[in-house]
Amino acid sequence: SNEPTSIFAEGWLKRTYEEKPVKNVRTRFPPEPNGFLHIGHCKAIAVNFGFAKHHNGVCFLRYDDTNPEKEEEIYFTSILDIIKWLGFEPYQVTYSSDSFDRLYGLAEELILKDKAYVCHCSREEVNRQRGGPDNRGPRYACDHRTRPIEESIAEFRAMRDGKYRAGEAYLRMKQSLTDPNEGNPQMWDLPAYRVIENNYHHRTGDQWRIYPTYDFTHCLCDAFEEISHSMCTTEFQQSRVSYDWLLQQLDMKIPNSEEKGPMQREYGRLNVGGTILSKRRILMLVEGTTVEKKNADGTVEKKVIPPSVRSWDDPRLYTLVALRRRGIPAKALLKFVEELGVTDALTEIQPFRLESSIRKYLERTVPRQMLVLDPVKVVLEDVTPEEEQELTVPYDPKGAIPGERKVKFSKEIYIDRSDFREEDSPEYFRLAPNKIVGLYNTPFPIRATSFSKDENGRVTEIRAVKAPGEKPKTYIQWVDAATGIPVTARQYNSLFKTDSPNTLDWKTGGWADDLNPNSEVVFENALIERGLKDLLKDRSLHPTGSSDDLVRFQALRTAYFCVDVVDSTEDKIVLNQIVTLREDKAK
Ligand code: ATP
Ligand code: MG
Ligand code: MG
């Protein structure tokens, strides 16, 4: 076939399959429902759903909802929506919390096997047991480690039944804390259960006061769902040992064998520079924040930082809801992730790489339109009524995108203010008094004859005549005054002045000084050809989150845009700039 080699047929993903070449491939995408997914998650989705699809297997969406403190309904909906938008359908949607009873039972089983104990040490004490602040000192056990099994069972039930407050008791796995040769911190008696007080769980209500940790839950839920290949990012490399250890204690895996139970493998994260992906930090942009600064004299100064983006889907962010709203096609995003490939190394990209990939994709897929961001009127004095015609213009002059549209030409048009100069100069090729310029798709160029200004010196109207037979150096876009559609166009630039916003001061609010005042540039009075109505025909102004039916186009000489799904109304359409036409974007 003509299909390029897929990422699943080579490299890391191929090897991962070959390590466990089963017939029934079962994978999972396991987000914590505590925030919106970001561009990095797109890689995780592509890897897990794509791998299953490639091997004719299935992929679960599993909400890893073991931390009720941070979970909210909106995240659940948005995560599923984004997966569908990317073109994947989970085989089943599951929740770690569905297994709380079963997990609890296995925790007791682990205690009965003398492989877990209830510990009452403070966090500081546990840190000392684990070799101190740098984990380099000697390690030692507390007395709880050797308490009788029945006592741990009784205490674990007491934890469950509400005897302890948060931090007063943990169930710890009895791993290799005291083995001086065990250098992996993931094997130093990790907590399996902790008390979380007063936290209502969205699915189990107030049934539980104790919640299982990631290290206890993840491998077991993988086993429950009979996951064959459990793929995660490399920060879990050290966890592979504890993952296998727990499964082995519960007879769900055979040591040194992949015959039974799930197999964990780790690939490199995808990070994007020039922006922030951390939920906590994005929240500060979305909601604003109040920071406190301690002065030398001990007084505390409060500084209120207002919101700097409109929402989690603000097109300047790199959450997936934001990229979708900005108009980046789901297929283009997946293609980009595929182009980067999958290895066990971290992939760090700058936004311009994403943009150039998106640009290439749009170039071949979206129709052209004429848009003027900052319109100024041009009266074509000698255009006759016969010449005021309806032109038929292809959607793509190169013919790659099929179809055509009607463009009305008449005596009164608008051009972009930046395409006119009051004074001509030799190196300037657009419109100026006594200079000619071409108008896209029209039979003749025009020559400016005069112009008028308002009291502020702003050009209000240009007068021009036909210049048939002359050869213009440049063609510009224009919009018919009578039929053009008023729109609001938003252009986006980098949110921060620095290229490395993660190194800013996020503690005391210093980051706010680095916000780029031009991260959003709005043209309230832009005009677009009436052909936009045809592109919108039969399509909703507000497609559902899981649909990719956005109206996108290339505005000639301007940028790629899409119709904003949130703020557009029947009366006023709002456009989002997807990417510029070229890579010369100034900040
Ligand atoms: P973050 O800390 O950035 O919010 P997370 O790891 O807490 O991310 P999860 O909801 O746990 O987010 O992620 C679900 C899955 O997505 C995990 O398997 C995780 O490894 C993967 N993932 C998260 N971030 C990235 C990334 N930047 N690149 C690739 N995969 C990622
Ligand atoms: Mg996580
Ligand atoms: Mg996280």
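## The contact between domain 3 and domain 4

The protein is split into four domains: domain 1 (7–98 + 219–269), domain 2 (100–212), domain 3 (320–367 + 487–580) and domain 4 (371–477). The model is a predicted one. This report deals with domain 3 and domain 4.

Taken over C-alpha atoms, the centres of domain 3 and domain 4 lie 28 Å apart. Where the two meet, 23 residues of domain 3 are in contact with 19 residues of domain 4. Together they bury about 1,800 Å², and carbon and sulfur atoms account for 59% of this area. On the domain 3 side, Leu527, Leu556 and Arg557 provide 35% of the area buried against domain 4, more than any other three residues.

Charged and polar pairs also link the two domains. There are four salt bridges between domain 3 and domain 4. Arg557 takes part in a salt bridge with Asp419, in which the closest N and O atoms are 3.0 Å apart. Six residue pairs are in polar contact between the two domains, counting pairs with both residues at pLDDT 80 or more.

Three elements each supply at least two residues of the side of domain 3 that touches domain 4. The table gives their residue ranges.

| Element | Residues |
|---|---|
| Strand E25 | 485–492 |
| Strand E26 | 520–528 |
| Helix H13 | 531–536 |

E26 gives the most to this side of domain 3, with five residues. By type, the residues of the side of domain 3 that touches domain 4 are 13 nonpolar, four polar and six charged.

Terms used. Residues are numbered from 1 along each chain as its sequence is written. Chains are lettered from A and ligands numbered from 1 in the order in which they are written. This is a predicted model: local features need pLDDT of at least 70, side-chain atom pairs count only at pLDDT 80 or more; totals for chains, interfaces and linings use all residues. Side-chain values use heavy atoms; hydrogens and water are left out. Domain bounds come from an automatic or database domain assignment. Contact means heavy atoms within 4.5 Å. Buried area is the accessible area (1.4 Å probe) that two parts lose on being put together, summed over both. A salt bridge is a side-chain nitrogen of Lys or Arg within 4 Å of a carboxyl oxygen of Asp or Glu. A polar contact is a pair of N or O atoms within 3.5 Å; within protein, one must be able to donate a hydrogen and the other to accept it, and residues adjacent in sequence count only if both atoms are side-chain atoms. Helices (H or I, at least four residues) and strands (E, at least two) are DSSP runs, numbered from the N terminus. Ala, Val, Leu, Ile, Met, Phe, Trp, Tyr, Cys and Pro count as nonpolar, Asp, Glu, Lys and Arg as charged, and the others, Gly among them, as polar.
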